[in-house]
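Hi everyone, thanks for coming. Please have a look at the model on the screen, and then I'll talk you through the inside of it.

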Amino acid sequence: MDKVSKHTLKSNESYQRLMDAAFKVFGQYGYDKTSIDLLAKEAGYTKGTFYLHFKSKEDFFLEFMDHKLSVYKQHFLPLLNSNATFESIISQGIKIFYKLSNEDNWIPLFFEFCSIAVRNESVKERMSIYYQEWFKIICMVLEKGKQTNRLSANLDLEITSRKIVAVLDGYNLQNSFVSNSYSLDQIEQLIKQILGLD
């Protein structure tokens, strides 16, 4: 193995170990109280290794969010490409979203980071890209609904995808504060109403 390949392997390994450490450290301390020192130490590295990959804690967290999104895609895209009914894809997609949202204390962590993002222009820009990715995933689902004649051919995909993300974000936020909030079945019914499937 040449030096470049060894370096790439080590770089990939340190990146992955930092990502793995993030689940534990952010889950335990929250975003604000997590330091770069804590993240690096949990991964078994120094701050120097952290800065080889990331410019700042904000930059790291944005990469971490992208990582969470890619995990969702790994779980969800095979379902989208399967022979499952359109209604089943919606139902399973919501369940996958809910399961991954509730792992590693993610919901309070995400909203804590959002409160920082609104005051930081560069972070706001990256958050906008993150949301665009979610809109794209939902548009893929809606397109399948059109192709299978389960949705109206006139449905505006962009507006509808934003409505669905608003419902899911609202559900996660409300669920953080209100006991006996909406159930997943109720959220599914609400999304089906938005789609005209009720």
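How many cavities of 30 Å³ or more does the structure hold? One. By cavity I mean a set of points on a 1 Å grid over the protein atoms alone where a 1.4 Å probe fits but cannot get out. Its volume, the space filled by probe spheres set on the points, is about 210 Å³.

A quick word on the source: this is a predicted model, where local features need pLDDT of at least 70 and side-chain atom pairs count only at 80 or more, while totals for chains, interfaces and linings use all residues. Residues are numbered from 1 along each chain, and side-chain values use heavy atoms, without hydrogens or water.

Back to the cavity: 16 residues line it (an atom within 4 Å of a point), and Tyr 72 is one of those that lie nearest its centre.

Tyr 72 is buried at 7% relative accessible area, as buried means under 20% (1.4 Å probe, protein chains only). Tyr 72 also forms a stacked pair with Phe 76, 5.4 Å centre to centre and 20° between the planes. Rings pair if their centres lie within 6.5 Å; planes under 30 degrees apart are stacked, over 60 edge-to-face, and the rest tilted. Phe 76 is buried too, at 3%.

The whole structure has 26 aromatic pairs. In another one, Tyr 31 and Phe 113 have ring centres 5.0 Å apart and planes at 70°, so they are edge-to-face. Both residues are buried.

How values were computed: On a 1 Å grid over the protein atoms alone, a cavity is a set of points where a 1.4 Å probe fits but cannot get out, and a pocket is an open set with protein on both sides within 12 Å along at least five of seven lines; lining residues have an atom within 4 Å of a point. Rings of Phe, Tyr and Trp (its six-membered ring) pair if their centres lie within 6.5 Å; planes under 30 degrees apart count as stacked, over 60 as edge-to-face and the rest as tilted. Buried means under 20% relative accessible area, exposed over 50%, partly exposed in between (1.4 Å probe, protein chains only).
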